[in-house]
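Open the model in your viewer and keep the selection box at hand. Each stop below says what to select and what is there.

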Amino acid sequence: MDSSKVKMFKSKNASSPNEPSPAHGASSEQDSTGMHITLNPSSRATSPSSMGVGGKPSGTPSPTPSANPPPSSPFSHHEASAKSINNNNSSSNNKAHSKPSGKGGEGGGGKSSKKHKNTDEENDIIGELIGDYGKWQFVMTFLLSLFQVPNTFHIYSPTFQAADKSFWCRRPAHLTEVTVARWRNVSGSEENCRMLNYDWNALTSAQLSMSNFSLPKNFTDTVGCSAWEFDTSDNLGNTWSSEWNLVCDKEYLKNVAEMFFLAGVATGGITSGVLSDKFGRKMMLFISAVLQSIFGLALYFADSFEFYLVLRALLGIVSVSVTYAGLILAIEYVDGKWRTIAGMYNLFPLPVSYIMISGIAYLTQDYRNLQLCIGLPGVFLCLLWFVLPESPRWLLCKGRIREVKEVIRKAAAFNKRTLPDNLDKLLKPPVDEEETAAGVCELFRSKYLRLVTFCFLCIWFTMNLVYYGLVLNMNSFGGNIYLNSALAGLVEIPAIALAMYIINRTGKKWLFCATFFAAALACLCAAVVEGKPEFLAVKITFVMIGKFTISAGNTIMPVYTAELYPTAIRNVGVGACNLAAGFALVLTPYLSMLTKIEDHLLMTLLTAWCIFGAIVIIFLPETMQHHEHEEHDEDKEIDTQVAA
């Protein structure tokens with residue numbers, strides 16, 4: 001065997017007995033045969049998270065088990081990738097404190113020792129110095145979660161800004177005193193897009209208002225409307241439709257506007273991780289937050305729809321960067337089992353934001369005023385630059401020791417922890433590792449990987465299609481749009497809380513599968529009563545049940561995905577899944593058009609996709625299985641022993 005140095009973590013329990021020990025359930029989920037960290041393995045081209053901390057390429061795998069990844073968010077296809085950076089920091093920082101051990105000794109390089117290490121019992125030097133989780137971490141992660149508020153506002157605003165309004169062909173100026181109902185009846189504009197081709201200037205308001213007046217019955221020639229009037233008593237106010245006449249042959253442009261935003265999200269996801277590693281989490285977070293505020297407020301002044309489309313696309317790019325950088329920063333502030341928990345409670349502002357924007361939209365009832373209200377919070381969040389520090393783990397990996405010490409001293413003082421005198425000796429930047437490469441082809445190398453990859457591509461597509469199909473098409477379900485949106489946010493709060501409670505206490509496979517089946521049943525019941533006004537309340541109830549269950553599943557999905565992929569190709573696998581999610585996101589704005597084809601079509605389609613997703617989950621294993629790819633990686637990793 002080659003002689004090389006074995007890198008080990010210091011056990012948290014051994015070195016920091018005052019820290020709370022992690023729950024047994026969380027650690028028991030890790031597969032004992034293959035869950036181990038590499039220093040940012042996998043390809044850079046596939047996923048933004050595949051870059052090493054500090055933007056450096058990944059290195060040789062370290063025989064250390066991986067931690068659970070964070071859960072999903074409104075931009076869920078980016079957050080699971082935070083896991084690898086979390087792992088990288090732990091492995092890199094502890095490398096400076098490793099002790100050599102002989103073969104077969106405690107923590108040695110043998111297979112049995114490597115396979116049975118407990119993820120949550122591992123700790124790095126930052127966690128040893130400031131604690132896994134304390135008052136400082138609580139304040140910082142809470143402040144970071146606030147950045148989710150404007151993100152949610154911007155992704156959900158089209159629900160109100162692009163809401164459908166009743167419209168009809170505009171009355172000539174001299175006929176404005178004629179009632180709308182009478183005008184629509186006489187002009188034949190019941191279909192809203194065309195009207196009878198008649199010389200309306202030859203008629204007066206008095207003539208049209210006469211109950212016995214009518215045009216010749218054999219007069220059927222029609223012409224397309226050149227202008228429209230919109231209902232002003234529908235409590236929707238001025239929307240995209242009424243501002244730019246996005247009706248009839250231009251109605252599709254509303255979906256194009258939302259597609260531009262979601263395409264921006266997909267584009268930003270490709271670059272945000274690389275830039276965050278290169279320039280720092282804090283720098284990327286606040287640059288993106290400033291741009292988000294600028295683009296968000298610029299939409300208030302946009303006077304052309306084309307300019308509006310461009311701004312929406314740019315807004316999508318920077319919004320996902322805010323989400324990505326903020327989540328990574330929150331996770332790197334904490335340690336141990338709190339990494340998963342910090343990522344999960346970072347989601348709580350989402351449902352609260354749904355409720356808030358529903359109230360704001362009801363009060364403003366104008367798409368411009370609504371845009372102004374949702375753009376302003378980001379301006380105030382930019383002031384947190386003076387409060388939030390850079391990630392100490394990222395700073396350590398970049399070798400910026402002076403800045404690391406400054407952050408650690410403030411955090412330790414806030415947490416009332418005493419720092420050792422030899423702080424300079426403890427804080428050592430990691431040594432660069434040799435680069436390893438993993439491509440998309442690795443996802444199909446073995447029968448096990450082919451199964452997992454195919455299943456998760458289908459599941460991520462299905463989950464995003466159903467989740468955002470319910471969220472972004474809330475205005476097509478009938479009833480009060482403001483009340484429906486507030487209820488949709490309200491039901492997601494217990495869904496996230498329930499997922500947080502049970503995710504580390506039970507197997508993920510059957511719980512995940514159950515969320516899809518429950519969502520399918522709820523959507524099916526909603527489809528049955530679709531088109532029956534007397535059952536509108538029942539339909540909305542079933543839609544909210546579907547929203548509750550699919551939200552719980554959306555929290556479980558990235559955690560389950562990362563656990564079934566071996567460490568060396570985990571980032572590649574998550575990146576491929578993100579690509580499938582991106583396709584679903586681009587399609588979701590067009591789902592609302594299904595109700596115009598047939599009343600039951602939207603909910604029936606969501607039901608079918610939920611059933612499909614649940615069936616696909618059945619073919620997945622509960623935990624990662626031993627396979628050829630894993631065995632090949634073990635051969636490369638385990639053949640390292642300490643020189644005698």
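**Stop 1: the cysteine pairs**

Select Cys193 and Cys248: a disulfide joins them, with an S to S distance of 1.9 Å. The model is a predicted one. Look along the S-S bond: the angle about it is -105 degrees, and the link of Cys193 and Cys248 is left-handed. The pair links distant parts of the chain, 55 residues apart. Cys193 sits in the loop between α10 (180–187) and β6 (194–196). Cys248 sits in the loop between α12 (240–244) and α13 (252–279).

Now color by accessibility. Cys193 has 27% relative accessibility, so it counts as partly exposed. Cys248 has a relative accessible area of 21%, and it too is partly exposed. The cut-off for buried is under 20%.

How many disulfides does the structure hold? There are two. For the other, select Cys169 and Cys225, where the S to S distance is 1.5 Å. Cys169 lies in strand β5 (residues 167–169), and Cys225 in the loop between β7 (222–224) and β8 (228–230). These parts are 56 residues apart in sequence, so the pair ties them together. Are Cys169 and Cys225 buried or exposed? Both are buried.

Show both bonds at once. With the bonded cysteines numbered in sequence order, the pairing is 1-3, 2-4.

Next, select Cys458. Cys458 is in no disulfide. The nearest cysteine sulfur belongs to Cys455, 6.8 Å away. A disulfide would need the sulfur atoms within 2.5 Å. Cys458 has a relative accessible area of 14%, so it is buried. Compare Cys373: its relative accessibility is 32%, and it counts as partly exposed.

**Stop 2: the largest nonpolar core**

Select Phe456, Ile459, Phe512, Phe516 and Met603. These have the most contacts inside the largest nonpolar core, which has 91 residues. Which helix gives the most to this core? Color helix α22 (residues 447–472): it gives 17 residues. Then color domain 1 (123–158 + 239–430) and domain 3 (441–643). Both give residues to this core, so the core lies between them. In soluble globular proteins, nonpolar side chains tend to be buried together.

Center on Ile459 and show its contacts. Leaving aside neighbours within four places in sequence, Ile459 touches Phe512, Phe516, Met557, Gly613, Val616, Ile617 and Leu620.

A second core is separate from this one and has 41 residues. To find it, select Ala330, Leu381, Cys382 and Ile408, which are among its members.

**Stop 3: helix α24**

Select residues 508–528, helix α24. Put a distance label between its end C-alpha atoms: they are 30 Å apart. At 1.5 Å a residue, the 21 residues should span 30 Å, so the two values agree. Which residues of α24 are buried? Among them are Phe512, Cys513, Phe516, Ala519, Cys523 and Ala527. Lys508 and Lys509 are on the buried list as well. Phe512 and Phe516 also appear among the contacts of Ile459.

**Stop 4: the whole chain**

Zoom out and show the cartoon. The secondary structure comes to 29 helices and eight strands. Of the 644 residues, 59% count as buried. Switch to a surface: the chain exposes about 25200 Å², and carbon and sulfur atoms supply 62% of it. Last, open a contact map. Among contacts with a separation of 6 or more, 84% come from residues 24 or more positions apart.

Key: Residues are numbered from 1 along each chain as its sequence is written. This is a predicted model: local features need pLDDT of at least 70, side-chain atom pairs count only at pLDDT 80 or more; totals for chains, interfaces and linings use all residues. Side-chain values use heavy atoms; hydrogens and water are left out. A nonpolar core is a set of buried Ala, Val, Leu, Ile, Met, Phe, Trp, Tyr and Cys residues joined through side-chain atoms within 4.5 Å. Buried means under 20% relative accessible area, exposed over 50%, partly exposed in between (1.4 Å probe, protein chains only). Helices (H or I, at least four residues) and strands (E, at least two) are DSSP runs, numbered from the N terminus. Domain bounds come from an automatic or database domain assignment. Contact means heavy atoms within 4.5 Å. Accessible areas come from the Shrake-Rupley method with a 1.4 Å probe; for residues, only the protein chains shown count as cover. The expected span of a helix is 1.5 Å times one less than its number of residues.
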